[in-house]
Amino acid sequence: MTEIPTTASQTATLTIDVDAIVANHGLIAERVGPGATAAAVVKADAYGLGLARIAGPLWRSGCREYFVARLDEGIVLREWLQEATIHVFDGVTSGTAREFAEYGLIPVVNSLPQIERWQAEARRLGQALPTVIHVDTGMLRLGLDDDEFTTLLDRPDLLNGLDVTIVASHLASADEAVSEQPEHQLRRFALLRKALPMGRASLANSAGVFRHADFHFDLVRPGYALYGGHPQPETGPNPMRPVVTLGAPVLQLRRGERGETVGYGASHRLERPSLLATVAIGYADGFLRSGSGRGAVAIGGHRAPIVGRISMDLITVDVTDLPRGLVTEGTRVEVIGRHRPIDEVAADAGTIGYEILTSLGARYRRHYAGSSLDES
Ligand SMILES: *Cc1c(COP(=O)(O)O)cnc(C)c1O
């Protein structure tokens with residue numbers, strides 16, 4: 001177990017519990033049961049948390065299949081996980097086929113031109129190449145559209161030389177409890193799956209996993225939930241183990257009188273004599289400025305609201321109502337953690353937890369905790 005250093009520091013500390021990520025993957029694998037495989041979506045450097053430290057523990061815990069967004073992410077991951085099955089969502093865009101083959105990466109092909117490109121590479125190499133076919137079932141983002149899908153059914157020769165390992169689609173609103181779109185997409189996916197029954201079928205992201213077992217098919221692709229995000233924020237407590245703790249020190253305490261204003265733009269006026277704490281975190285650390293005047297931090301389990309604007313390096317929190325003497329210079333406040341879950345921090349900033357995670361800055365002291373970590 002890596003200890004979190006307690007040395008005094010002006011720098012905010014980001015702690016990433018790698019055991020919790022591994023446990024969350026296990027929880028999802030358990031949830032989908034033996035009939036389906038749980039892959040891990042590790043795009044964008046494992047949602048900003050640092051794939052270099054996370055890939056090994058996931059692999060050793062038994063996770064064999066991974067998804068990234070970009071070819072370059074796949075190439076980096078290949079260095080760490082030589083045996084893993086690595087899929088790339090962007091697909092085989094112009095000029096990338098050779099690198100895909102060279103690094104043993106599997107493209108999620110999103111169009112007929114991508115299929116042709118990958119097929120040409122298979123011909124060149126004289127071997128069948130593994131392929132994921134991505135079909136759009138209502139997101140209008142990536143994947144074969146209806147016309148392309150029909151063409152593919154009319155011309156099965158388009159897949160000659162390709163080994164279709166997965167037929168996939170992606171849900172647009174599986175996290176929205178009242179939406180009917182996921183069920184609509186599910187029906188469309190089930191239909192097209194009948195028409196194209198090769199390989200395994202895959203539809204669910206994190207939210208899809210927790211929506212209903214019908215969404216599981218053969219392979220699920222959770223990302224956000226692995227990193228402690230609530231897969232279905234509108235429904236009850238978060239089933240996932242929290243992963244991220246972000247603590248920042250109080251730099252200074254000051255008193256303000258009724259009528260005085262706080263911070264840039266004087267956007268907050270004190271309505272009473274107040275005790276304010278200035279904390280060393282700001283938007284340069286990825287603590288989004290849109291949370292100005294709305295968010296809060298936790299100090300010893302107490303809520304302290306953010307007052308005034310979030311600036312580049314600092315925030316001001318109102319500690320007037322906290323127990324006397326609890327907050328002094330150097331006190332660590334919890335910006336994200338047990339009392340400040342990422343989904344709440346996100347809601348305060350008018351965004352989603354995905355953006356909070358992937359915005360986490362480079363100025364933190366990062367600590368990776370957990371017994372599943374590499375020895376090095
Ligand atoms: C990012 C992504 C996922 C993972 O989504 P989460 O909501 O983070 O679980 C799955 N599938 C596709 C196609 C994606 O782009």
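Biologist: Before we start, buried here means under 20% relative accessible area. With that cut-off, what share of the residues of the protein counts as buried?

Modeller: Happy to help, and bear in mind that this is a predicted model. The protein has 376 residues. Those that count as buried make up 53%.

Biologist: How many helices and strands are there in the protein, and what does the C-alpha trace span along its principal axes?

Modeller: The protein holds 11 helices and 19 strands. Along the principal axes, its C-alpha trace spans about 75 × 45 × 40 Å.

Biologist: Let's turn to helix 6. How far does helix 6 reach from its first C-alpha to its last?

Modeller: Helix 6 covers residues 112-125, which makes 14 residues. At 1.5 Å a residue, the expected span is 20 Å. The model comes close to that, with a reach of 20 Å.

Biologist: Which elements do the buried residues of helix 6 pack against?

Modeller: The buried residues of helix 6 are Leu112, Gln114, Ile115, Trp118, Gln119, Glu121 and Ala122. An α-helix has 3.6 residues a turn, so residues three or four places apart point the same way. The buried residues of helix 6 pack against helix 5, strand 6, strand 7, helix 7 and strand 8.

Biologist: And at the start of helix 6, which backbone nitrogen does a side-chain oxygen of Ser111 reach?

Modeller: That oxygen comes to within 3.2 Å of its partner. A polar contact needs N or O atoms within 3.5 Å. The backbone nitrogen belongs to Gln114.

Biologist: Which residue follows helix 6?

Modeller: The residue there has a positive phi, near 65 degrees. It is Gly126.

Key
Residues numbered from 1 in each chain as written. Predicted model: local features only at pLDDT ≥ 70, side-chain atom pairs only at ≥ 80, totals over all residues. Heavy atoms only, no water. Helix = DSSP H or I, 4+ residues; strand = E, 2+ residues; numbered from the N terminus. Expected span 1.5 Å × (residues − 1). Buried < 20%, exposed > 50% of the residue type's maximum accessible area, 1.4 Å probe, protein only. Contact = heavy atoms within 4.5 Å. Polar contact = N/O pair within 3.5 Å; in protein donor to acceptor, adjacent residues only side chain to side chain.
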